[in-house]
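Visitor: I'd like a close look at the inside of this one. Could you take me through the cavities and the helices around them?

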Amino acid sequence: MYAQQVETGTKTVKSLDEMGAEERAFQEKIDAEIKIEAKNWMPDNYRKTLIRQISQHAHSEIVGMLPEGNWVTRAPTLKRKLQLMAKIQDEAGHGLYLYSAMETLGADRDEEIEKLHSGRAKYSSIFNYPTLNWADMGAVGWLVDGAAIVNQVPLQRTSYGPYSRAMIRVCKEESFHQRQGYEILLHMMRHGNQAQKDMVQDAINRLWWPSLMMFGPSDADSPNSAQSMAWKIKRHTNDELRQRFIDQTIPQLELLGCTVPDPDLKWNEERGHYDFGEIQWEEFYEVLKGNGPCNRERLETRRNATQEGAWVRKAAVAHANKKQKQQAAA
Amino acid sequence: MTKYDDLTEFLLRLGDSALIQAQRLCEWTGRAPALEEELGMMNVGLDLVGQARNWYDYAAERINDGTDADALAFRRDERAFRNLLLVEQPNGDFAVTMTKQFFYDAWQFHVLTLLKNANDEHIAAIATKSLKEVTYHLRRSSQWVERLGDGTDESHQRMVNAIDTVWRFTFELVEQNDTEWSLSEAGHIPALTELPELWHATVSEVFTNATLTVPDAASTFYLSARTGMHSEHLGLLLAEMQFLQRAYPDASW
């Protein structure tokens, strides 16, 4: 999954002439597509923006385990249970890669997680929606991971080396989950009974718009995009990526034999793209503010896990210290 | 209620235990004390569901009435489940979860080591594959028992409480039972005579490192998973796990 709206701290992008020598050398490197590495000089705001973006991305992986965890104990067959468990395991792994990438920037994992728990750091809005039937496990794989992949594929070329390399690994696994998710739905539509087909359509109806919101605000309302793009942290605008996602997803939807809950969706021959209806931006901003359907439950679960696990982590540290002392004495 | 032959009963005991243990691990999703443990628990759970499927496939082949691994997992009631009482116990805190995991891993490790040499080729093959996974599970849970037992005062006390909570169910891990005797006499599997001693030795060794005391051997009591006499926890676990298959009996997933 990924970061949706990241503050860069700069509203106007400086030209090369306005930059000092260090910053200019940095920007020239970016322009020449040379990756920035942990020990290289970088503008303070570049560092902060990346910490925000990568941590948001990592938090999304972790919070994203919860809507699926809701169904892992109820998966209908052993095969589906195995697939879902493997997916959840991968997400925990993605969280770990991403926190490591973030730490190369000098940020501290526990501090950033504390920001998440206190509501000061965001995670993808999509995970604030509830999973209400089994088809949601397919739809999350297909639409949510699908949207994440559209966003992450260009991030494989993002200017910061450790983030770019994390994205290469993450994308491979996510693509696999996306295909599995789609296969869950295709199986239900082709071999399922009416109740199962209804579940699929219901899942799409509920998750379609929230998936489109994963790309963030429209370009007109993304004041941070220009700077992120100049730094080549982002490679495409939110609206470009959203359009790409819709264009590639509609044929898949047609193959399923389902519909989208958007009466305005239609192919535009002239543009060579699908036109689509207006996103409910009010809902989007409410979810980001913490007022979505599951924001409270998601954060509570994560906070409880951290609080209730504190004694375990303390024990691990105490034990490691004892072992170290014993070894030193021996 | 269907009573299967001894070998099938034995396969179900192995398969059901793996599946129910995995189901309890699934309940931890998003709630583990550290991110690494989310990964670790899911990893172990995945191995166990895979093992359950292998045991069930073989059991289904023997039952030979059109049943399959999914039907065995999702269409049997609690009176037909043969899993160890230990693994159906609620997760409790991380100490209870790890204590259950450790007792079960130590049991599996020794059972599978013996079964690796079974005359029954299917059993030997599944045991050989599973043993690789369980060797890792046992290392992981042993380390946690040591960390928690010999960590802080609080973690030590929680381990003492955890052992007190689940120890009584360990009688099943060391009992010598008729089914297994007749299977070894018929030459399907090696005799499991040494199992109690091996299991006890592993527990003692890890407990010593963990500064924990091994209680006196647990004695048999009213419940017995071999006859489907479970604790009240299993019914609820199955209600959750089986609901889709039960609600939509004609569905294909």
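Guide: Quick bit of vocabulary before we go in: Ala, Val, Leu, Ile, Met, Phe, Trp, Tyr, Cys and Pro count as nonpolar, Asp, Glu, Lys and Arg as charged, and the others, Gly among them, as polar. By that sorting, the largest cavity is lined by nine nonpolar, ten polar and three charged residues. Bear in mind that this is a predicted model.

The structure has six cavities of 30 Å³ or more, and the largest one holds about 240 Å³ of space. Its lining runs to 22 residues, with Ala3(A), Gln4(A), Ser225(A), Lys234(A) and Asn238(A) lying nearest the centre. Helices α6, α9 (225–230) and α10 (238–256) of chain A each give two or more residues to that lining; α6(A) gives the most, with three.

Now follow α6 to the second largest cavity, about 90 Å³ in volume. Here α4 (78–103), α6 and α7 of chain A are the elements giving two or more residues to the lining. Among the lining residues are Arg80(A), Trp134(A), Met137(A), His177(A) and Ile184(A). By class, this lining has four nonpolar, five polar and two charged residues.

So how do α6 and α7 of chain A sit against each other? The axes of α6 (residues 135–155) and α7 (residues 161–191) of chain A come within 7 Å and cross at roughly 150°. Angles over 145 degrees count as roughly antiparallel, which makes α6(A) roughly antiparallel to α7(A). The crossing of α6(A) past α7(A) is left-handed, and the contact of α6(A) with α7(A) has 15 nonpolar, nine polar and two charged residues.

How values were computed: Residues numbered from 1 in each chain as written. Chains lettered and ligands numbered in written order. Predicted model: local features only at pLDDT ≥ 70, side-chain atom pairs only at ≥ 80, totals over all residues. Heavy atoms only, no water. Axes fitted to C-alpha atoms, helices over the stretch in contact; angles between N-to-C directions. Helix = DSSP H or I, 4+ residues; strand = E, 2+ residues; numbered from the N terminus. Parallel < 35°, antiparallel > 145°, perpendicular 65-115°, else oblique. Left-handed = near helix turned anticlockwise from the far one by under 90°. 1 Å grid on protein atoms, 1.4 Å probe; cavity = no way out; pocket = protein on both sides within 12 Å on 5 of 7 lines; lining within 4 Å. Points joined across faces, edges and corners; volume = space filled by probe spheres on them.
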